[in-house]
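Reader: I am new to this structure and would like a close look at a single part of it. Please take the salt bridges and what surrounds them, and then place them in the whole.

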Amino acid sequence: MASKTLHIALVGNPNSGKSSLFNAFTGLNQHVGNFPGVTVDKKTGIFSLEDNLQAELIDLPGTYSLYPRRADEWVAYKVLMGADPEIKADLIVLVADASNLKRNLLFCSQIIDLKIPVVMALTMNDLAAKKDIKIDISGLEADLGIPVVAVNPRKNKGLSELKKVISKMQPEATTKLRDFMDTSSLAPEAVAKVRQAFPEWSDYACIHQLINHEELLNKSQDHIVLNNIVAEYNFNTTKTQAEEIMQRYTRIRQIMQKNVLETGPLEKKLFTEKLDNILMHKTWGYLILFSVLFLLFQSIFWLATYPMDGIEWSFAALAGWLSSNLPEVWWSNLLINGFVAGLSGILVFVPQIMILFGLITILEDTGYMARISFLSDKLMRKVGLNGKSVMPMISSFACAVPAIMGARNIENKKERLLTILVTPLMSCSARLPVYTILIALVIEEKYYLGFLSLQGLVMMALYLLGTIMALLVSYVMKFFINIKEKSFFILELPMYRAPRWKNAGITMIEKARIFVTDAGKVIMVISLLLWFLSSFGPGNRIENTEIKYSALIASNPAAADSLQKQLSTEKLANSYAGLLGKSIEPAISPLGYDWKIGIALITSFAAREVFVGTMATLYSVDEEDDQSLREKLQAATHANGEKVYTLATGLSLMVFYVLAMQCMSTLAVVKRETKSWKWPTIQLIYMTVLAYGMSWLVYTIFS
C-alpha cells in the first residue's frame, strides 16, 4: 500500500525552539540551503508519523505576527495565506515559548482565525519552570480550541505524543475549527462582500486580502474586485489592524489569567541575566568576543592538523602506487594527475570546513551569536550598517551566498544594500583551503608560550583583514548611496542554553556533503579540464619538445633525471594552460605571481577553492607523483632558480584572495537580491581593484 504524505508547515516566533524541533524530527533527512544556523528561506525535511503516513515538514522563517515587515516574514506569510504556488500546507505546527506565552499567542490566534488546522508545540517548559510559570495545558487547549503538546526537542521529550496528535488531525475538517475572535466585526460590510466573491476564504483571510491582495493574488481581475470593495466601503488598513490587535490582546489576557500562573515583580534574577552582565559588558564583552573568535581560528588549525595530514599522506601514497603499477598511457595519466589530484584537492580540506561550521553552530545554539549583534551595533552604525548586519557578515565566514540572502532581515534598504556589497569581503569557507595551503608554505610552524600557533595567528589576521576592509568600504560607500530611510535595531536575545552536540554534528556532516558534492563537482570538472589543457598544446609544440629532450637524454644519459624534470616543465609551458598563463603573466608579475598562479586565478572565478585543485593538477602534470602538493609547491622555482612561493608572494596571494570577488555564485545571488546587474558589477570592479592594489602593496613591502 502506498504511503500518504502530510505537508506540515512549522511556524513560530524567532527563538521559540522551532529549529530545534525541525532538527529533532528530521535529523539528517533534510533538504537544507547551504547556510549555517539561521532560517532565511524555506527548509524541508521528511519524517515518519505511522506505517502508511509520512510527513514533509516545511520550516518557515520566524515571525511575530501575520503582518510581515521583512522579506523573510513575507515567505512565511504567503505560505499561510495560500499564496505560495510551491507549498500548500495541510496543517500547521506552531511552536510557542512557554516562558513568553503571551507574545506567542498573538501569532497563534491569527493562524486559528485563518481556519487552518493547527497544533501548538509548547517549548521552553523548563525555562518557564525556572521563572515559576505554571501553565494549565488542558485549560489552554479548551480555550484555544486546538491541541497543545508540551515538548522538549533538545531532549526528545514529548515528540512521540506530538506525532500521535498530528496523525489524528483531519486537515480537511476546517469547518469544525473555532474562531478565536469575531474578525468579521472589524469590517462587516467589506468582509461580507469579499465572502460573496471568494466564498472559500475565512473572514480573517478576507481582511488580509483587502490589505495585501496586490502581493498575494496573481489575477488582475481579482485585484480590481478587491480594490472596488476597499473604495466602496472606505476600508482603513491602519485602523483595522490596530483594532484587531487590541481585541486579540484583550482575549489573550483573559486566557492568560485563567490558565497561566506567574510570579510577581520580585521574580528571581535568572542565570541568563547574570551572564549577560559579563558577556555584554561595555569593556569585558568586547575582550570576551575577541577571545572567542581567537579560539575559533586557533581550533580550526589545531583540530584539523591530524586528519588533514592523514588524507594528504593517503593521496600521495595512492598516486605513487598507481604510477608504479599502471602502464604509462594517457588514461593512467588522466587517472593520476586529473582525477586523483583533483579529488585530493577536495577531500583534504573537509576536516577544516566541518570544524568551522560545527563551531559556528555551537555559538548560535548557545545564544551567544545574537549577543554579538548587540555588541556590534554601535560600531556598525558608524560605518552605515546596524547590529543586524553582523549576522549575515558572520554567516559569510561559512558562505557568502546564504549570508547575502540573510540580509533580508534588515528592514532599512540602505543598510541592507551596504551589507550585501561588503559581505563577500568576509572570508568564506571556500577561501579556507587557499589560506591553509599558503600559510603552510610560507609561515613556519612556530608556537608562542607553548600553545599560540603562529599559523593560527596569521589565519586570524586574514579573517580580521576582511572584516576591517568590509567596515572601511561600507563607511566610504554610505556617502554614495542616497537612500533616505529611518533605521531601527530591534532584536530579541534568546536564552543561554547548552549546545546541542547532535545538531552541531548534523550541520557538520551536511556542510561537508554540500562542499564535496557542490564545490567538489566544480573542482573535479575543472581539474579534468586542466589536465587536458596542461597535457596538450597547439600544433606540434608538445611533440617537438619531447623530440628535443629525447635527443638530449640519449646523448647525456647521466643527466636523465634532471633533463626529465626540464622536459615536464617545458611541456607544461607549451601546453594550452601554459600559453594562457604566460599571456596574463605580465599583468600579475608585479604581485609576485608566475603563470601557473595566473591559471589558478582564472579558474578560481568558478569557485575560490578551485585554486588548490588547479595547483594540484598543474604540479601533478609537472612534478613527481609521490610528493604531496605542499612539497611540490615548496620545491617550485622560477626559470632563474628563485623560489616561487616566498614570504612576499605567499602573503600577497593571501591578501588577494581575502579581497578579490572570485565567486560567480555570489555575483548571481547579488543580482537576484538587488534585482539589477548594476550592484554586482560595482562589487566586482571595486573588489578586484582593491585586491590588486593591496596585494601589490604587501608584495612590495615584504620583498
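**Salt bridges and their surroundings**

Author: In this predicted model, R195 is partly exposed, with a relative accessible area of 32%. Its salt-bridge partner is D203, and the closest N and O atoms of the two are 2.7 Å apart. D203 is partly exposed as well, at a relative accessible area of 23%. That value stays outside the buried class because buried means under 20%.

The count of salt bridges comes to six. Another of them joins the side chains of D143 and K258, at 3.3 Å from N to O. D143 belongs to helix α5 (residues 137–144) and K258 to helix α10 (residues 237–259), so this pair ties together parts that are 115 residues apart in sequence. The two ends differ in exposure: D143 counts as buried, at 14% relative accessibility, whereas K258 is exposed, with a relative accessible area of 59%.

Helix α10 also holds a salt bridge within itself. R248 and E244 both lie in helix α10, four residues apart, which is about one turn of the helix. Their side chains meet at 2.6 Å, N to O. Both residues are buried. The pair does not stand alone, since D113, E244 and R248 are linked in a network of salt bridges.

R248 has a further neighbour, this time a ring. The charged end of R248 sits over the ring of Y204, 4.6 Å from the centre of that ring. A second arginine is placed in a similar way: R251 lies over the face of F180, at 4.7 Å from the ring centre.

Rings also pair with each other here. A search of the whole structure finds seven aromatic pairs. One of them is formed by Y593 and F656, which are edge-to-face, with 6.3 Å from centre to centre and 85° between the planes. Y593 is in the loop between α24 (576–588) and α25 (595–603), and F656 is in helix α28 (residues 647–659), so the pair ties together parts that are 63 residues apart in sequence. Both Y593 and F656 are buried. F656 makes another edge-to-face pair with Y657, at 6.1 Å centre to centre and 70° between the planes. The relative accessible area is 10% for F656 and 0% for Y657, which is buried too. Y593, F656 and Y657 thus make up one aromatic cluster.

Cysteines form no such links, for the structure holds zero disulfides. Two cysteines can still be described by their cover: C108 is buried at 1% relative accessibility, and C206 is buried at 0%.

As for the whole, the protein chain has 30 helices and 11 strands. Of its 703 residues, 54% count as buried. Among contacts in the chain with a separation of 6 or more, 74% are between residues 24 or more positions apart. The accessible surface of the chain comes to about 31600 Å², and carbon and sulfur atoms account for 60% of that area.

A24 gives one example of such contacts at the level of a residue. This alanine lies in helix α1 (residues 18–26). With neighbours within four places in sequence left aside, A24 is in contact with P153, N156 and L159. F47 is 23 residues from A24 along the chain, and the C-alpha atoms of the two are separated by 9.8 Å.

Key. Residues numbered from 1 in each chain as written. Predicted model: local features only at pLDDT ≥ 70, side-chain atom pairs only at ≥ 80, totals over all residues. Heavy atoms only, no water. Salt bridge = Lys/Arg side-chain N within 4 Å of Asp/Glu carboxyl O. Helix = DSSP H or I, 4+ residues; strand = E, 2+ residues; numbered from the N terminus. Buried < 20%, exposed > 50% of the residue type's maximum accessible area, 1.4 Å probe, protein only. Contact = heavy atoms within 4.5 Å. Disulfide = S-S within 2.5 Å. Areas by Shrake-Rupley, 256 points an atom, 1.4 Å probe, with all protein chains shown as cover. Phe/Tyr/Trp six-rings, centres within 6.5 Å; stacked < 30°, edge-to-face > 60°. Lys NZ or Arg CZ within 6 Å of the ring centre and 35° of its normal.
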